[in-house]
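Here are a few exercises to work through with the model open on your screen. Try each task before you read its solution.

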Amino acid sequence: MNFYVTILGSGAALPTGARRCSAQVVNINGFKLLVDCAEGTQDRIRYNHLRLQSLTTIIVSHLHGDHFFGLPGLLSTMHLCGRTEPVTIVAPKGAREATETLFRLTGNHTEFPIDWVEMDFAEGMQRVFANNRCTVDAFPIVHSVPAYGFRITEVPRGTNRARVYAYCCDTAYTESFLPYIAGADLLCLECTFANELAELAEQRQHLTAGQAGRLAAQAGVRQLLLTHISARYKEPEVLLHQAMEEFENSLLAADSMRVEIGYAAGKVYVQGAGSENEE
Ligand SMILES: [Zn+2]
Ligand SMILES: [Zn+2]
């Protein structure tokens with residue numbers, strides 16, 4: 001009865017030794033969902049002892065390189081390792097053309113089938129994936145290219161209630177998607193800038209720490225997880241403190257951190273910063 005998130009990359013656009021760019025693996029009762037796929041994601045999967053070939057589903061928030069450029073390399077490695085199992089990829093429109101064009105021009109291909117689900121809608125929430133472990137609903141967020149947030153809901157077993165993980169990265173401040181993240185057990189929001197750089201955040205369509213905290217408070221979530229930390233912050237605790245002024249249950253993501261949504265009381269807690277070990 002596991003539901004946890006392993007952070008593969010918690011940094012913003014510029015990867016550093018301390019923080020790689022956006023990618024996470026969400027484990028819902030054994031089913032693993034890769035969320036975003038920045039350059040280097042396949043390396044971080046290996047580093048965190050996750051098996052690449054066990055991934056069957058990848059969801060991508062938007063096509064900026066720090067969320068998408070790892071995908072062709074990851075697919076290529078799956079092929080080189082002999083994969084025959086299909087992969088489902090949920091991504092904004094254009095992802096398929098970009099990937100297939102790159103493969104065509106560079107003489108690469110995959111033997112395994114890819115089931116593309118391309119998102120191309122500007123309002124509301126749409127179901128983009130479902131299996132016997134979870135459902136994934138997508139909704140537009142506000143960024144310089146089409147971008148989507150995700151609401152990942154467990155298919156509950158027995159009498160337990162469904163746990164919910166919501167992910168929004170990258171987005172400008174808006175209250176338009178509040179209904180779609182409402183009541184989540186764990187909400188992961190981007191937090192690129194400190195409050196002092198609110199003007200820059202607005203220009204680049206990102207959130208400040210305070211804005212992330214405010215959204216979490218308004219959405220009535222249990223726990224906020226801050227990610228997409230700008231490389232300029234050598235001491236990123238300032239972001240955590242600013243978010244906590246708006247929403248106390250805030251947590252700063254770190255690479256290889258694992259955050260678990262506990263079951264018993266529906267309480268969210270942090271398992272620790274260790275990496276996942278998989279048999
Ligand atoms: Zn972006
Ligand atoms: Zn980004």
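Where is Gln205 found? Gln205 sits in the loop between helix 6 (198–204) and helix 7, where helices are DSSP runs of H or I with at least four residues, strands are E runs of at least two, and both are numbered from the N terminus.

Before going on, two bits of housekeeping. Residues are numbered from 1 along each chain as its sequence is written, and chains are lettered from A and ligands numbered from 1 in the order in which they are written. This is a predicted model, with local features needing pLDDT of at least 70, side-chain atom pairs counting only at pLDDT 80 or more, and totals for chains, interfaces and linings using all residues.

**Exercise 1. Work out the backbone and burial of Gln205 and Asp36.**

Step 1: check phi. Gln205 isn't a glycine, yet its phi is positive, about 60°. Asp36 isn't a glycine either, and its phi is positive at about 65°.

Step 2: place Asp36. Asp36 lies in strand 3.

Step 3: count neighbours. A residue is buried if 20 or more other C-beta atoms lie within 10 Å of its own, exposed if 12 or fewer, and partly exposed in between, with C-beta atoms placed from the backbone. Gln205 has 18 C-beta neighbours inside 10 Å, so Gln205 counts as partly exposed. Asp36 has 29 C-beta neighbours inside 10 Å, so Asp36 counts as buried.

**Exercise 2. Describe how helix 7 and helix 8 pack.**

Step 1: get the geometry. Helix 7 (residues 209–219) and helix 8 (residues 237–246) pack at an angle of about 35°, and their axes are 7 Å apart. Here axes are lines fitted to C-alpha atoms, for helices over the stretch in contact, and angles run from 0 to 180 degrees between N-to-C directions.

Step 2: list the contacts. Two residues are in contact if their C-beta atoms, placed from the backbone, lie within 7 Å. On the helix 7 side you'll find Ala209, Gly210, Ala212, Gly213, Arg214 and Ala217, and they meet Leu239, Gln242, Ala243, Met244, Glu245 and Glu246 in helix 8.

Step 3: sort by class. This contact has six nonpolar, three polar and three charged residues. For that tally, Ala, Val, Leu, Ile, Met, Phe, Trp, Tyr, Cys and Pro count as nonpolar, Asp, Glu, Lys and Arg as charged, and the others, Gly among them, as polar.

Step 4: find the buried side. Leu239, Gln242 and Ala243 are buried in helix 8. They cover an arc of only 100° around the axis, so they are on the same side of helix 8; the arc is that of the directions from the helix axis to the C-beta atoms. Their cover includes helix 7, strand 12 (223–227) and strand 13 (250–252).

**Exercise 3. Which residues of the largest nonpolar core touch the most other members?**

Step 1: read off the answer. The core has 79 residues, and Tyr165, Leu187, Leu189, Ala212, Leu224 and Leu226 touch the most other members. A nonpolar core is a set of buried Ala, Val, Leu, Ile, Met, Phe, Trp, Tyr and Cys residues joined through C-beta atoms within 7 Å.

Step 2: zoom in on Leu224. Leaving aside neighbours within four places in sequence, Leu224 has contacts that include Leu187, Leu189, Ala212, Ala243 and Phe247.

**Exercise 4. Find the inward face of helix 3 and look at Asp66.**

Step 1: pick out the buried residues. In helix 3 (residues 71–80), Leu71, Pro72, Leu74, Leu75 and Met78 are buried. Seen down the axis, the buried residues of helix 3 fall within an arc of 165°, so they line one face of the helix.

Step 2: see what they pack against. Their partners are strand 3 (31–37), helix 1 (41–47), strand 4 (57–59), helix 2 and helix 4 (95–106).

Step 3: check what follows. Just after helix 3, Gly82 takes a positive phi of about 90°.

Step 4: turn to Asp66. Asp66 is in helix 2 (residues 65–68). Asp66 is buried because 23 other C-beta atoms lie within 10 Å. Not counting residues up to four places away in sequence, Asp66 touches Ala12, Ala13, Cys21, Ser22 and Ala38.

**Exercise 5. Locate the cis peptide bond.**

Step 1: find the pair. The cis bond joins Cys169 and Asp170, with omega about 10°.

Step 2: place it. Asp170 is in the loop between strand 10 (164–168) and helix 5 (178–181).
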